[in-house]
Amino acid sequence: MKGILSHDEADKCLDVLEETYPDAKCELEHKSPFELLVATILSAQCTDVRVNKVTEEMFKKYNKPEDFANMDIKTLEGLVKECGLYRNKAKNIKASSNVILEEFNGKVPETIKDLMKLPGVGKKTANVVASTCFGVPAIAVDTHVFRVSNRIGFVSENNVEKTEKALENKIDRDRWTKAHHLFIFHGRRCCTARSPKCQACPIKDFCRYYEET
DNA sequence: CTCCCGATAT
DNA sequence: ATATCAGGAG
């Protein structure tokens, strides 16, 4: 039975994940910070495949804050409906577009603090945009990062806030953003929520959950 | 804590 | 049938 990984073991575990997923990166398709912001808002409780399918069509016509700020809300709801939670998401995309135009001179803010001033943007979405678009070191704890990091034993926390802090202490700052993408890739391809592929897992030697199964 | 929520995998 | 999917607000 393994316990919580030490800083050193965590580092070696990330090395293995990096070899396993050399192309780990943001999988939400986007051509600008604003497009990534919209895609990330849409990604709540929805697969990235579905989000990409919706945004590919939508961004052909609408891809700037000006396009969404005054859009008819029913029209926007129709565009994003397939992503689920569509009334909240449409309202937040429109409202955030207005705040960007009125408070941030039409440009997506670059700090986590400012990003969180946008309606519908919490810590996780702010971390994704800041780290992916603006090079701010951050570990966005989404459902995959939470499940994988706690299941393996990188950390042992019962909510996303504590998990983010614990991961920041466990991982060197210059690996934060990469680690975030590695956890997501591993969570999607191997360490899935239901019936994880433990026998084929490249980091089972590090994993306390594997010892239990 | 509950609510928002359609689409897919199991 | 139901768990899950790159969460956030009230």
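Biologist: Why does Phe34 count as buried?

Modeller: Start with the cut-offs: buried means under 20% relative accessible area, exposed means over 50%, and partly exposed is in between, using a 1.4 Å probe and protein chains only. Phe34 has 6% relative accessibility, so Phe34 counts as buried. Phe68 is buried too, with a relative accessible area of 0%. Keep in mind that this is a predicted model, in which local features need pLDDT of at least 70, side-chain atom pairs count only at pLDDT 80 or more, and totals for chains, interfaces and linings use all residues. Residues are numbered from 1 along each chain as its sequence is written, chains are lettered from A and ligands numbered from 1 in the order in which they are written, and side-chain values use heavy atoms, with hydrogens and water left out.

Biologist: How should I read a pair of rings, and how many aromatic pairs are there?

Modeller: In general, a pair of aromatic rings is described by the distance of the centres and the angle of the planes. Rings of Phe, Tyr and Trp (its six-membered ring) pair if their centres lie within 6.5 Å; planes under 30 degrees apart count as stacked, over 60 as edge-to-face and the rest as tilted. That rule gives 4 aromatic pairs here. Phe34 and Phe68 have ring centres 5.8 Å apart and planes at 45 degrees, so their pair is tilted. Phe34 belongs to helix α2 (residues 33-42) and Phe68 to helix α4 (residues 65-69), so the pair ties together parts 34 residues apart in sequence. Helices here are DSSP runs (H or I, at least four residues), as are strands (E, at least two), numbered from the N terminus. Ring pairs also join Phe34, Tyr62 and Phe68 into a cluster.

Biologist: What kind of pair do Phe154 and Phe183 form?

Modeller: The ring centres of Phe154 and Phe183 are 5.0 Å apart and the planes are at 90 degrees, so this pair is edge-to-face. It links distant parts of the chain, with Phe154 in the loop between α9 and α10 and Phe183 in helix α11, 29 residues apart. Both Phe154 and Phe183 are buried.

Biologist: And which residue lies over the face of Tyr209?

Modeller: A charge sits over a ring if NZ of Lys or CZ of Arg is within 6 Å of the ring centre and within 35 degrees of the ring normal. Arg151 lies over the face of Tyr209, 4.7 Å from the ring centre. Likewise, Arg189 lies over the face of Phe185, at 3.8 Å.

Biologist: How many residues of α9 are buried?

Modeller: Of its 10 residues, 8 are buried, so to speak of α9 as mostly covered is fair. Among them are His144, Arg147 and Arg151. What covers the buried residues of α9 includes α10 (160-170), α11 and α12 (208-212), where contact means heavy atoms within 4.5 Å. At the N-terminal end, Asp142 acts as a cap, with a side-chain oxygen 2.8 Å from the backbone nitrogen of His144. Just after α9, Gly153 takes a positive phi of about 110 degrees.

Biologist: What is the phi of Leu85?

Modeller: The general idea is that most residues other than glycine have a negative phi. Leu85 has a positive phi near 50 degrees, sits in the loop between α5 (73-80) and α6, and is partly exposed at 47% relative accessible area. Ser195 has a positive phi near 45 degrees, lies in the loop between α11 and α12, and is exposed at 63%.

Biologist: Which residues are around DNA strand B?

Modeller: A residue is near a strand if one of its heavy atoms lies within 4 Å of it. The residues around DNA strand B include Arg50, Leu85, Asn88 and Arg194. Helix α6 (residues 86-103) gives the most to this surface, with 3 residues. For polar contacts, look for a pair of N or O atoms within 3.5 Å; within protein, one must be able to donate a hydrogen and the other to accept it, and residues adjacent in sequence count only if both atoms are side-chain atoms. A polar side-chain atom of Arg50 lies 2.3 Å from a sugar or linking oxygen of DNA strand B, while one of Arg194 lies 3.2 Å from a base oxygen.

Biologist: Which residues come nearest to DNA strand C?

Modeller: Of the 25 residues around DNA strand C, the nearest are Asp48, Thr125, His144, Arg147 and His180. Sugar and phosphate account for 61% of the atoms of DNA strand C that come within 4 Å of the protein. A polar side-chain atom of His144 is 2.3 Å from a phosphate oxygen of this strand, and one of Arg188 is 3.4 Å from a base nitrogen.
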